[in-house]
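Welcome, and thanks for taking a look at this one with us. Please have the sequence and the model open side by side as you go through the points below.

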Amino acid sequence: MTGPLLAFDRVGLVLGGSRLIDDLSLSVGPGERVAVLGDSGTGKSWLQRLAIGLAEPSAGTVRLMGVDLADAQGEERRRLRAHCGLVMQGGSLIGDYSVEENMRLALASPIARNTRTARRIDRLLLDFGLEASASVPAAQLSVGERRRAELARAFVRDPDLLILDEPFEGAFARADGLEEQIRRRILPHDRALLLLTQDAAAAKRFCTRIYRLERGRLIQQGAADTVPAATS
């Protein structure tokens with residue numbers, strides 16, 4: 001598509017009498033890499049939920065893949081989410097399911113049985129250092145392993161848009177390697193990225209447009225100085 005993959009138009013969000021998001025406008029087009037910086041509790045994680053229709057705005061419009069989410073329900077919202085790769089702060093793996101089963105759950109059943117997709121899962125498990133943990137229940141993984149599994153799963157559907165919320169939180173010693181894996185899967189494929197993070201340095205390394213979320217409003221921080229090229 002030629003228009004934005006994700007667009008917030010004067011979006012507001014009020015919860016429990018508190019205004020978390022106020023008159024926020026932001027778009028992410030094909031191949032764009034955009035970061036939103038914010039301290040814990042500023043509401044940046046709600047941007048992800050709003051973006052994929054897991055929360056409803058109190059005001060304004062959210063469009064995903066050009067579709068107003070207010071006009072999309074049920075199966076239509078699931079179809080739109082299928083274009084996205086997600087990492088949620090705090091994680092979303094099902095603890096009783098193995099790493100591989102969690103990855104397959106991200107797919108529609110007919111695709112999950114596809115040989116090409118099975119090879120993609122195997123490759124992701126290898127590249128993210130999870131080949132020995134493929135059959136391990138997610139609840140038994142370390143914090144770092146769970147984060148790597150979340151990141152690997154984000155690419156299972158070959159997404160057009162990635163929405164990553166604190167993707168390297170808890171990664172510790174593996175963070176540099178994870179960043180390289182993510183970079184290799186974003187830059188050469190011209191995938192779009194919305195990065196939600198407290199880490200200003202990571203935002204500069206990944207993104208060409210950076211904002212700060214303060215009191216529910218976006219303040220543009222300008223373009224990142226440099227974005228490293230992907231290595232093969």
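What percentage of the 232 residues of the protein chain count as buried? The figure is 47%. Please keep in mind that this is a predicted model. The chain is built from eight helices and ten strands, and its radius of gyration of 17 Å agrees with the value near 17 Å for a compact globule of 232 residues.

**Overall build**

- The C-alpha trace of the protein chain spans about 45 × 40 × 35 Å along its principal axes.
- Among contacts with a separation of 6 or more, 67% are between residues 24 or more positions apart.
- The protein chain has an accessible surface of about 11,100 Å², and carbon and sulfur atoms make up 47% of that surface.
- There are 32 positive and 30 negative charges in the protein chain, and the mean positions of these two sets lie 2 Å apart.

**Helix H1**

- Helix H1 covers residues 44-51, and its buried residues are Lys-44, Leu-47, Gln-48, Leu-50 and Ala-51.
- Looking down the axis of H1, you will find these buried residues within an arc of 165°, so they line one face of the helix.
- A general reminder fits here: an α-helix has 3.6 residues a turn, so residues three or four places apart point the same way.
- After H1 comes Gly-53, with a positive phi near 80°.

**Leu-26 in strand S2**

- Leu-26 sits in strand S2, which runs over residues 18-28.
- With a relative accessible area of 6%, Leu-26 is buried because the cut-off is under 20%.
- Leaving out residues up to four places away in sequence, Leu-26 touches Leu-6, Ala-7, Phe-8, Val-34, Val-36, Leu-194, Arg-209, Tyr-211 and Leu-218.
- Leu-13 is 13 residues from Leu-26 in sequence, and their C-alpha atoms are 15 Å apart in space.

**Val-36 in strand S3**

- Strand S3, residues 33-37, is the home of Val-36.
- Val-36 is buried, and its relative accessible area is 0%.
- Beyond its neighbours within four places in sequence, Val-36 is in contact with residues including Leu-26, Leu-194, Tyr-211 and Leu-218, and each of these except Leu-26 itself also appears among the residues that Leu-26 touches.
- The contacts of Val-36 also include Lys-44 and Leu-47, both of which are buried residues of H1.
- Other partners of Val-36 are Leu-195, Leu-196, Thr-197 and Leu-213; of these, Leu-195, Leu-196 and Thr-197 fall in strand S8 (192-197).
- Met-65 lies 29 residues from Val-36 along the chain, with 20 Å between the two C-alpha atoms.

**Positive phi outside glycine**

- Which way does the phi of Glu-166 go, positive or negative? Its phi is positive, at about 45°, although Glu-166 is not a glycine.
- Glu-166 belongs to the loop between strand S7 (161-165) and helix H7 (175-186), and at 8% relative accessibility it counts as buried.
- Asp-190, likewise not a glycine, has a positive phi of about 55°.
- The loop between H7 and strand S8 (192-197) holds Asp-190.
- Is Asp-190 buried or exposed? Asp-190 counts as exposed, with a relative accessibility of 52%.

How values were computed:
Residues are numbered from 1 along each chain as its sequence is written. This is a predicted model: local features need pLDDT of at least 70, side-chain atom pairs count only at pLDDT 80 or more; totals for chains, interfaces and linings use all residues. Side-chain values use heavy atoms; hydrogens and water are left out. Buried means under 20% relative accessible area, exposed over 50%, partly exposed in between (1.4 Å probe, protein chains only). Helices (H or I, at least four residues) and strands (E, at least two) are DSSP runs, numbered from the N terminus. The arc is that of the directions from the helix axis to the C-beta atoms. The radius of gyration is taken over C-alpha atoms; the globule rule is 2.2 Å times the number of residues to the power 0.38. Contact means heavy atoms within 4.5 Å. Accessible areas come from the Shrake-Rupley method with a 1.4 Å probe; for residues, only the protein chains shown count as cover. Lys and Arg count as positive and Asp and Glu as negative; His and the chain ends are not counted. The place of a charge is taken as NZ of Lys, CZ of Arg, CG of Asp or CD of Glu.
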